[in-house]
Structures are given as structure tokens and as C-alpha cells.
Amino acid sequence: MKKGLIILVAVVAVIAIFIFWGVGKYNGFVSQEEGVKAQWSNVENVYQRRADLIPNLVATVKGYATHEEKTLTEVIEARAKATSVTIDPTKLNESNIAAFQKAQDGLSGALSRLMVSVEQYPNLKANENFLALQSQLEGTENRIAVERRKYNEAAQEFNASIRRFPANIIAGMGSFEQKGYFKASEGAEKAPQVKF
């Protein structure tokens, strides 16, 4: 009788340890996933900051560069497209992030073309409002890079956690899915050529 009771207690103890471990792992995944979502919100926040600066930049340029209507229209259209692409934080997979990044890259390209055209207007380049907006835009681009890197780090930590054995069993039972990453834009591996 004592031997059977000892075996029963041992089995119950092992089951209890497994349950507590599983609950701890599940709760850890929830915390990490919320960290990924919070970091995604930070990414969206800095992209929104950039989108908010653009109307002021366009208005400032419009006053000086009357011949650049096509470029200004492209920037406005790219901004509208970039702000219309949103992702549900629970569906941060590779294809959704690629679509978001593609829209943002379109805006980046339009802004680059605008900045190149500004070179033709020395009075605009000396305008204090334009210089302040340009500085804020440069700072925002740096923030975007930082927040994207932080998001990728949070996603990498979460993805590694849900793939490790035996925690992957709990992750599968909890329906935790891997998160997508930001990747370098196509052609970013090639250094730009500077011609004089």
C-alpha cells in the first residue's frame, strides 16, 4: 500500500511540475508576443510621424517650386498609399510586413525625388521652415531605422522561444505563430553610384 501511494504521489508531482512549467511557458509567450505588438506600435508611430511631416514639407516646397507639381503630387499620393496600409498586430507575418514595407518604400522614393528637385531652388534650401522640416524628416528616418531594428529583435526573440523544444509543444497548443521581419529593400545591397 505504501509503495503504491509513493508512486501515485510521484506521478502527481511530475504532472504538477509539467503543468506549472507549461503555464509558465505559455505566460512567457504571451508576454513576448505583447512585446512584439508593442514594438510594432512603435514602428507605426514613427512612420506616422513621417507622414504627418509631409504635408508641411509639401506646402513649403510648393511656395518656391512651382514647376515641381508632378513631384509634389507623387509625394502626396505615396503618402496616402503608405498611410492606408495597416497591419493587424496579431498577423505580423512576412507577407503583411512586406506589403507594409513596399508602401513605405514608395513614399521614401517619392521623398527622395522631391529632395533632389529641391536642389534647383537655392531660396528654398535657405528657407528656415524647409530646413527645420528637412531636419525633422532626417531625424524621423533615423527613428524608423531604430524602431525597425528593435521590432526585428523582439520578433527574433519571440520566434526563437516558440520554436525551442519542448516549449514548441506549448506554443503549438497555444496557437502562437512566428512573426515576420523587416528586410532590406531590394537593391539595398548595392552601393549607390555618385557621378560628378
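In the predicted model, the secondary structure of the protein chain consists of 6 helices and 0 strands, and the order of elements along the sequence reads α-α-α-α-α-α. The C-alpha trace extends over about 95 × 30 × 25 Å along its principal axes. The radius of gyration of the chain is 25 Å, whereas a compact globule of 196 residues would have a value near 16 Å. Of the 196 residues in the protein chain, 32% are buried.

Helix α1, which covers residues 2-64, includes leucine 5. With a relative accessibility of 53%, leucine 5 counts as exposed, because this value lies over the 50% limit for that class. From C-alpha to C-alpha, leucine 5 and alanine 16 are separated by 16 Å in space, and by 11 residues in sequence.

The aromatic side chains were then considered. A total of 10 aromatic pairs was counted in the model. In one of these, tyrosine 47 and phenylalanine 100 are arranged edge-to-face, with a distance of 5.3 Å from centre to centre and an angle of 80° between the planes. Tyrosine 47 belongs to helix α1 and phenylalanine 100 to helix α3, so this pair ties together parts of the chain that are 53 residues apart in sequence. Tyrosine 47 and phenylalanine 100 are both buried.

Another edge-to-face pair is formed by tyrosine 151 and phenylalanine 182, for which the centres lie 5.8 Å apart and the planes enclose an angle of 80°. This pair likewise links distant parts of the chain, since tyrosine 151 is located in helix α5 and phenylalanine 182 in the segment after α6 (167-173), with the two positions 31 residues apart in sequence. Tyrosine 151 has a relative accessible area of 0% and is therefore buried, and phenylalanine 182, at 6% relative accessibility, also counts as buried, because both values fall under the 20% limit. The four residues of these two pairs are joined by Trp40 in one aromatic cluster, made up of Trp40, Tyr47, Phe100, Tyr151 and Phe182.

A polar side chain with low accessibility is found in helix α3, where glutamine 101 is placed. Glutamine 101 has a relative accessible area of 7% and is thus classed as buried. The side chain of glutamine 101 reaches the backbone oxygen of lysine 183 at a distance of 2.4 Å, which is within the 3.5 Å cut-off for a polar contact.

The pockets of the model were also examined. The largest pocket holds about 170 Å³ of space, and the elements that contribute two or more residues to the lining of this pocket are α3 (94-118) and α5 (128-163). The lining is formed by Arg50, Ser108, Leu111, Ser112, Met115, Gln134, Leu137, Glu138 and Glu141. When these lining residues are sorted by class, 3 are nonpolar, 3 are polar and 3 are charged. Helix α3 thus takes part in the lining of the largest pocket, while phenylalanine 100 of helix α3 takes part in the aromatic pair with tyrosine 47 of helix α1.

Technical notes
Residues numbered from 1 in each chain as written. Predicted model: local features only at pLDDT ≥ 70, side-chain atom pairs only at ≥ 80, totals over all residues. Heavy atoms only, no water. 1 Å grid on protein atoms, 1.4 Å probe; cavity = no way out; pocket = protein on both sides within 12 Å on 5 of 7 lines; lining within 4 Å. Points joined across faces, edges and corners; volume = space filled by probe spheres on them. Helix = DSSP H or I, 4+ residues; strand = E, 2+ residues; numbered from the N terminus. Nonpolar A, V, L, I, M, F, W, Y, C, P; charged D, E, K, R; others polar. Phe/Tyr/Trp six-rings, centres within 6.5 Å; stacked < 30°, edge-to-face > 60°. Buried < 20%, exposed > 50% of the residue type's maximum accessible area, 1.4 Å probe, protein only. Polar contact = N/O pair within 3.5 Å; in protein donor to acceptor, adjacent residues only side chain to side chain. Rg over C-alpha atoms; globule rule 2.2 N^0.38 Å.
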